[in-house]
Amino acid sequence: MRIAPSRTTGNVVEVVVHCLIWIYLFASPFFIRRPGEAIDWLTYAYRIYEPLSYCILFYLNYLWLVPRFFMQRRWAVFVLVNALLITLFYFGRDIYFALLPPTEWMQHMAARHARRGGHQRWAEPSLWMQLVFVVRNLISLAFIPFMAVLVRLSVKWRHAQEALREAELRRAEAELKNLKSQINPHFLLNTLNNIYALTTFDPAKAGDAVQELSRLLRYVLYETGERSVALAKEVEFLNTYIALMRMRLNDNVRIETHFDVPRDGRVHVAPLIFISLVENAFKHGINPAGPSFISISLTTDGDCLTFVCTNSNWPKTAKDKAPGGIGLQQVRRRLDLSYPGRYTWTYGPEADGQTYRSAITLNGLG
């Protein structure tokens, strides 16, 4: 099961993005300038007012106004406070510029227009141009709270999605743990039924079967608590179970196994993921009235694993009222939880109706 990215990683990315944006805005006076205009610290002081006012207005909204008023549906207060702030920053611009001495470029342009007799025209734009500047500056300032709302809502949505994924992960892990606890008594019940059958005709084999069962239970109790186990251990468990089942079979049953397992222990699988299919093969694939067979194979190719179990197909008769289907339901749910989107599973009778085949392919095990 894949773990969602931590909230800490998302917060780091968020801080980095904020820093990059503001670095660009505060550095923009060095790159965006009038033709022939040199950039010195006085010119930078003129140009920095807008980025600085945008930054202050943005974080007043982002850190205080949006969470305290906008998200609390106190929209009237939110709009009123922003209107006051926008007015303050707009008229503060004229006060700020009035406190600064004129730059060399401004002095040069004023002298140039004065020589042409247009100093007054240059110093005081037309009423129409003044109106355009006012509207432009007000729209620019009003856009900042809007951006703060969008960014804050996107962050809130991302955190909500992360919390939802974490809750889904905890729920899935709890369900997976519950499924494992269901497999144990189901597997134990089937095994004890087989040992009981042995006691009726071969008590000595029944004693050996109890020893084999102790090995199986040791694996179930001490090795399957983790999310995954080494494939070699899971195959050893399957071999022990198959050996236990062989004890009560007669010569009419042919059993074949082929396990191709890497020796380096690199491949891991979810524990007890295949046992229900093997149980079903021994439970439904054998009929004392005629020849039967069970064939089990497991092969690996890189990070891909293929498990195939085929057996004689002996459908239930109308008189057979024993419950069934629990094992297949558990297999399906465990595959969904342990290998979401990384497995294929096909099962059912073959075309001839004489063979039942179940095949699981798992991907991304490396």
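User: Let's start with Glu236. Does this residue count as buried, exposed or partly exposed?

Analyst: The general idea is a pair of cut-offs: buried means under 20% relative accessible area and exposed means over 50%. Glu236 has 46% relative accessibility, so it counts as partly exposed. Keep in mind that this is a predicted model.

User: Which residue forms a salt bridge with Glu236?

Analyst: First the principle: side chains of opposite charge can pair when their charged atoms come close. Here Glu236 pairs with Arg215, and their closest N and O atoms are 3.9 Å apart. The two sit in distant parts of the chain, 21 residues apart, with Glu236 in helix H9 (residues 231-246) and Arg215 in helix H8 (residues 203-222). Arg215 is partly exposed as well, at 38% relative accessibility.

User: How do I read the packing of H8 and H9, and at what angle do their axes cross?

Analyst: Look at the axes, then at the residues between them. The axes of H8 and H9 come within 10 Å and cross at roughly 155°. An angle over 145 degrees counts as roughly antiparallel, so H8 is roughly antiparallel to H9. The crossing of H8 and H9 is left-handed. On the H8 side the residues that meet H9 include Leu213, Arg215, Leu216 and Tyr219. On the H9 side, Glu236, Phe237, Thr240 and Tyr241 are among them. So the salt-bridge partners Arg215 and Glu236 belong to this set of meeting residues too.

User: How many salt bridges are there?

Analyst: The count comes to four. One of them joins Arg93 and Glu50, with the closest N and O atoms 4.0 Å apart. That pair also links distant parts of the chain, since Arg93 lies in helix H4 (residues 75-99) and Glu50 in helix H3 (residues 49-70), 43 residues apart. Arg93 is partly exposed at 22% relative accessible area, and Glu50 is partly exposed at 28%.

User: What about Arg158 and Glu162, and how far apart are they in helix H7?

Analyst: The helix rule helps here: an α-helix has 3.6 residues a turn, so residues three or four places apart point the same way. Arg158 and Glu162 are four residues apart in H7 (residues 127-199), so about one helical turn separates them. Their side chains meet in a salt bridge at 3.1 Å, N to O. As for burial, Arg158 is partly exposed at 22% relative accessibility, while Glu162 counts as buried at 6%.

User: Can we try a whole helix? How many residues of H10 are buried?

Analyst: For a helix, tally the buried residues along its length. In H10 (residues 275-284), eight of the ten are buried, so this helix is largely enclosed by the rest of the structure. The buried ones run through Ile275, Ser276, Leu277, Val278, Glu279, Asn280, Ala281 and Phe282.

User: Now a strand residue. What does the side chain of Ser312 reach?

Analyst: Begin with its place, then its burial, then its partners. Ser312 is in strand S5 (residues 304-312), and at 5% relative accessible area it is buried. Its side chain reaches the backbone nitrogen of Phe293 at 2.7 Å. Leaving out residues up to four places away in sequence, Ser312 touches His284, Gly285, Pro291, Ser292, Phe293 and Gln354.

User: And zooming out, how many helices and strands are there in the chain?

Analyst: Eleven helices and seven strands. Of the 366 residues, 37% are buried. Among contacts with a separation of 6 or more, residues 24 or more positions apart account for 72%.

Terms used:
Residues numbered from 1 in each chain as written. Predicted model: local features only at pLDDT ≥ 70, side-chain atom pairs only at ≥ 80, totals over all residues. Heavy atoms only, no water. Buried < 20%, exposed > 50% of the residue type's maximum accessible area, 1.4 Å probe, protein only. Polar contact = N/O pair within 3.5 Å; in protein donor to acceptor, adjacent residues only side chain to side chain. Contact = heavy atoms within 4.5 Å. Axes fitted to C-alpha atoms, helices over the stretch in contact; angles between N-to-C directions. Parallel < 35°, antiparallel > 145°, perpendicular 65-115°, else oblique. Left-handed = near helix turned anticlockwise from the far one by under 90°.
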